[in-house]
Amino acid sequence: MKSKANMVSFLGLVAIAIAGQAQAQEQVVKIGHSGPLSGPNAFAGKDNENGVRLAVEELNAKKLVVGGKTLKFEMVSEDDQCDAKTGVSVAQKFVDDGVKYVMGPYCSGVAIPASRIYSEGGTMVSTVGTNPKVTQGGYKNLYRIIASDNQIGSSMAVYAAKVLKVTKVGVIDDRTAFGQGLAEEFTKEAKKQGLTVVGQEFTTDKAVDFTAILTNMKAKAPEAIFFGGYAPQAAPMARQMKQLAVPGKLLGGDTVCSPATGKLGGDAVNDLVFCAQGGSILEKAQSGPAFKEKFKKRFNVDPDAYAASYYDQVLLIGESMKKANSIDPDKVGAELYKTTYKGVAATYSYDDKGNMKQAPITVFTFKNAAPVPLASY
């Protein structure tokens, strides 16, 4: 009896040893996500999070081996509410928890202050914050994975002048780092294109009633109004433009290109709203339709503005870990800087400031309350 009990005990120890060995041969890599998971921009935060999740699941299926260990990727997601103070707290939490890779923040007003915390903590950041200041802090291992405001804002001004053939424009911004920066870039390029800026108005990223500023704008008879801000404001603004019979189109940047603008604005946005977004037309991108299909199958929703960009960057980071044979952000960053990677949304290669060397931009309008791509540049 005793020897049988000993044998059972011995086998138990062997099983524990084997399990321990398997664990020892596995290396956990945490991928953080910082974005708005509550509040009016929660739809965007959730979409970005889904893009990260899909890439993490695919990387785990690949069973990448780095330094003799199989990498096990784990996503940890935090709600930064598109709020600077909250975003800085999230950054500190990630750094304290040893998270070395963070996807986000979504809002420039969060990305700008949080980037210092991440840099000091040795964490790599991949953001869709488009304000030019995001990459002007001199922080290493900070990447902007889409076009910046100066590319998006200026391309919309060129489109207004060359394609829509307008000569007089009004400008409204929501006073956020993102909205203000975008409006400034649009205004700068509009003047270069010979357009007359007939009026400039300001609102907030919480406002829903734009009657007063639109009435002021209407008196100046612009042929188009550019709005620097987010979908939850652009949609009611479009509705109120129709109600007040304000002439001209409503133009915007990437955040206005979201399906949320159509969901919130309904028929009012059709053929009225034109916007520019970083990335090429997914339907026409080589792997775009396949990505859309697997995203829909996995999450039961269509991808929104930046799911594909987040997905691409996570896969690129995984590939760079394999090339560097390391999970150290400095070594992985060195690989990123010398890599050209063809993803779903774009071909990624970065300059020394972490901006994309060639960031495609697509102009959209709305039909049946849904964004429809017109052309990529």
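Two residues are taken to be in contact when they have heavy atoms within 4.5 Å of each other. With that in hand, here is a walk through a predicted model, beginning with a glycine in one of its helices. Gly288 belongs to helix α10. Setting aside the neighbours within four places in sequence, Gly288 is in contact with Leu282 and Val344. Its relative accessible area is 0%, and since anything under 20% is called buried, Gly288 is buried. Along the chain, Gly288 and Asp254 are 34 residues apart, and in space their C-alpha atoms are 18 Å apart.

Helix α10, which covers residues 288-299, also meets another helix, α2, made up of residues 42-62. Two packed helices are described by the angle between their axes and the distance between the axes. Here the axes of α2 and α10 come within 11 Å and cross at roughly 100°. Angles of 65 to 115 degrees count as roughly perpendicular, and α2 and α10 are therefore roughly perpendicular to each other. On the α2 side, the contact is made by Asp47, Asn50, Gly51, Arg53, Leu54, Glu57 and Glu58. On the α10 side, the partners are Phe291, Lys294, Phe295, Arg298 and Phe299. Sorted by class, the residues of this contact come out as six charged, four nonpolar and two polar.

Next comes the empty space. Rolling a probe the size of a water molecule over the atoms shows where empty space is left. The largest pocket holds about 440 Å³ of space. It is lined by 22 residues, and the closest to its centre are Leu282, Lys292, Pro303, Asp304 and Phe364. Leu282 has already come up as a contact of Gly288. Which elements give two or more residues to the lining of the largest pocket? They are strands β11 (273-278), β14 (361-367) and β15 (370-376), along with helix α11 (307-324). By class, the lining has eleven nonpolar, seven polar and four charged residues.

Closed-off spaces turn up too: the structure holds three cavities of 30 Å³ or more. In the largest cavity there is about 60 Å³ of space. The residues lining this cavity include Phe43, Ala44, Asp47 and Asn48, as well as Tyr106, Asp254 and Asp304. Some of these names are familiar. Asp47 is one of the α2 residues in the contact with α10, and Asp304 is among the residues closest to the centre of the largest pocket. The cavity lining is made up of five nonpolar, three polar and three charged residues.

Several other buried residues sit elsewhere in the model. Gln233 is found in helix α8, residues 231-243. With a relative accessible area of 4%, Gln233 is buried. Not counting residues up to four places away in sequence, Gln233 touches Thr204, Asp205, Lys206, Ala207, Phe210 and Phe227. Thr203 lies in the loop between β8 (196-202) and α7 (211-219), and at 10% relative accessible area Thr203 is buried as well. Beyond the residues within four places in sequence, Thr203 is in contact with Ile172, Asp173, Asp174, Arg175, Phe210, Ile213 and Phe227. Phe210 and Phe227 thus appear in the contacts of Gln233 and in those of Thr203. A third case is Ala147, in the loop between β6 (142-144) and α5 (149-162). Ala147 counts as buried at 1% relative accessibility. Its contacts, apart from neighbours within four places in sequence, are Thr130, Ile152, Gly278, Ala359 and Ile361.

Finally, a few spots in the backbone stand out. Most residues other than glycine have a negative phi, and most peptide bonds are trans. Where is a cis peptide bond found? One joins Gly104 and Pro105, with omega at about -5°. Pro105 is part of the loop between β4 (101-103) and α4 (108-120). As for phi, Gln81 has a positive value of about 55° although it is not a glycine. Gln81 lies in the loop between β3 (69-79) and α3 (84-96), and at 42% relative accessibility Gln81 counts as partly exposed. Ala245, also a residue other than glycine, has a positive phi near 55°. The place of Ala245 is the loop between α8 and β10 (249-252). At 49% relative accessibility, Ala245 counts as partly exposed.

Key: Residues are numbered from 1 along each chain as its sequence is written. This is a predicted model: local features need pLDDT of at least 70, side-chain atom pairs count only at pLDDT 80 or more; totals for chains, interfaces and linings use all residues. Side-chain values use heavy atoms; hydrogens and water are left out. Axes are lines fitted to C-alpha atoms, for helices over the stretch in contact, and angles run from 0 to 180 degrees between N-to-C directions. Helices (H or I, at least four residues) and strands (E, at least two) are DSSP runs, numbered from the N terminus. Angles under 35 degrees count as roughly parallel, over 145 as roughly antiparallel, 65 to 115 as roughly perpendicular and the rest as oblique. Ala, Val, Leu, Ile, Met, Phe, Trp, Tyr, Cys and Pro count as nonpolar, Asp, Glu, Lys and Arg as charged, and the others, Gly among them, as polar. Buried means under 20% relative accessible area, exposed over 50%, partly exposed in between (1.4 Å probe, protein chains only). On a 1 Å grid over the protein atoms alone, a cavity is a set of points where a 1.4 Å probe fits but cannot get out, and a pocket is an open set with protein on both sides within 12 Å along at least five of seven lines; lining residues have an atom within 4 Å of a point. Grid points are joined across faces, edges and corners, and a volume is the space filled by probe spheres set on the points.
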